[in-house]
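Dear colleague,

Please find the structure below, handed over for your records. A short account of the findings follows it.

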Amino acid sequence: AVWNIDSFDQWGVELGKVLAKRIEPALTDGTEVPGLDESTEALVATYRELRGR
């Protein structure tokens, strides 16, 4: 608001939505998602462990 920047009108937000939809099955269903980098795989594994899956 201060700099008149609409944070919902940035390409990064749209890219984040695309990426989130790609890994959503890994987080909700436990489905393996091919092609994830090691960092994302580790985060998904930690999330699953903490959620008890």
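The notes below begin with the basis of the values and then turn to the chain, its helices, its charged pairs and its surface.

This is a predicted model, in which local features need pLDDT of at least 70 and side-chain atom pairs count only at pLDDT 80 or more, whereas totals for chains, interfaces and linings use all residues. Residues are numbered from 1 along each chain as its sequence is written, and side-chain values use heavy atoms, with hydrogens and water left out.

Overall form

The chain contains 2 helices and 0 strands; both kinds of element are DSSP runs numbered from the N terminus, helices being H or I over at least four residues and strands E over at least two. Along the principal axes, the C-alpha atoms occupy a box of roughly 45 × 20 × 20 Å. The radius of gyration is 15 Å, while a compact globule of 53 residues would have one near 10 Å. That radius is taken over C-alpha atoms, and the globule rule is 2.2 Å times the number of residues to the power 0.38.

Of the 53 residues, 9% count as buried. Here buried means under 20% relative accessible area, exposed means over 50%, and partly exposed lies in between (1.4 Å probe, protein chains only). About 4700 Å² of the chain is exposed, and carbon and sulfur atoms supply 58% of that area. Accessible areas come from the Shrake-Rupley method with a 1.4 Å probe, and for residues only the protein chains shown count as cover.

Helix α2 and its ends

Helix α2 covers residues 38–51, and its end C-alpha atoms are 20 Å apart, which agrees with the 20 Å that its 14 residues should span at 1.5 Å a residue. The expected span is 1.5 Å times one less than the number of residues. At the N-terminal end, D37 acts as a cap, with a side-chain oxygen 3.0 Å from the backbone nitrogen of S39. Just after the helix, G52 adopts a positive phi of about 80°.

Charged pairs

Side chains of opposite charge can pair when their charged atoms come close. The whole structure holds 2 salt bridges, each defined as a side-chain nitrogen of Lys or Arg within 4 Å of a carboxyl oxygen of Asp or Glu.

One salt bridge joins K17 to E14, with the closest N and O atoms 3.3 Å apart. Because these two residues are 3 residues apart in helix α1, about one helical turn separates K17 and E14. K17 is partly exposed at 46% relative accessible area, and E14 is partly exposed at 41%.

Another salt bridge joins E32 to R48, with the closest N and O atoms 3.3 Å apart. This pair links distant parts of the chain, since E32 is in the loop between α1 and α2 and R48 is in helix α2, 16 residues apart. E32 is exposed, with a relative accessible area of 61%, whereas R48 is buried, with 15%.

Surface and further positions

W11, L15, V18 and L19 make a nonpolar surface patch of about 460 Å². Patches are made of residues with over 30% relative accessible area and no salt bridge; like charges are joined within 9 Å and nonpolar side chains (Val, Leu, Ile, Met, Phe, Trp, Tyr) within 5 Å. W11 lies in helix α1, residues 11–28, and counts as exposed at 69% relative accessibility.

Which loop holds V33? V33 is in the loop between α1 and α2, and it counts as buried at 14% relative accessibility. R22, in helix α1, is partly exposed at 39%. The C-alpha atoms of R22 and R51, 29 residues apart along the chain, are separated by 19 Å.

With kind regards

How values were computed:
A polar contact is a pair of N or O atoms within 3.5 Å; within protein, one must be able to donate a hydrogen and the other to accept it, and residues adjacent in sequence count only if both atoms are side-chain atoms.
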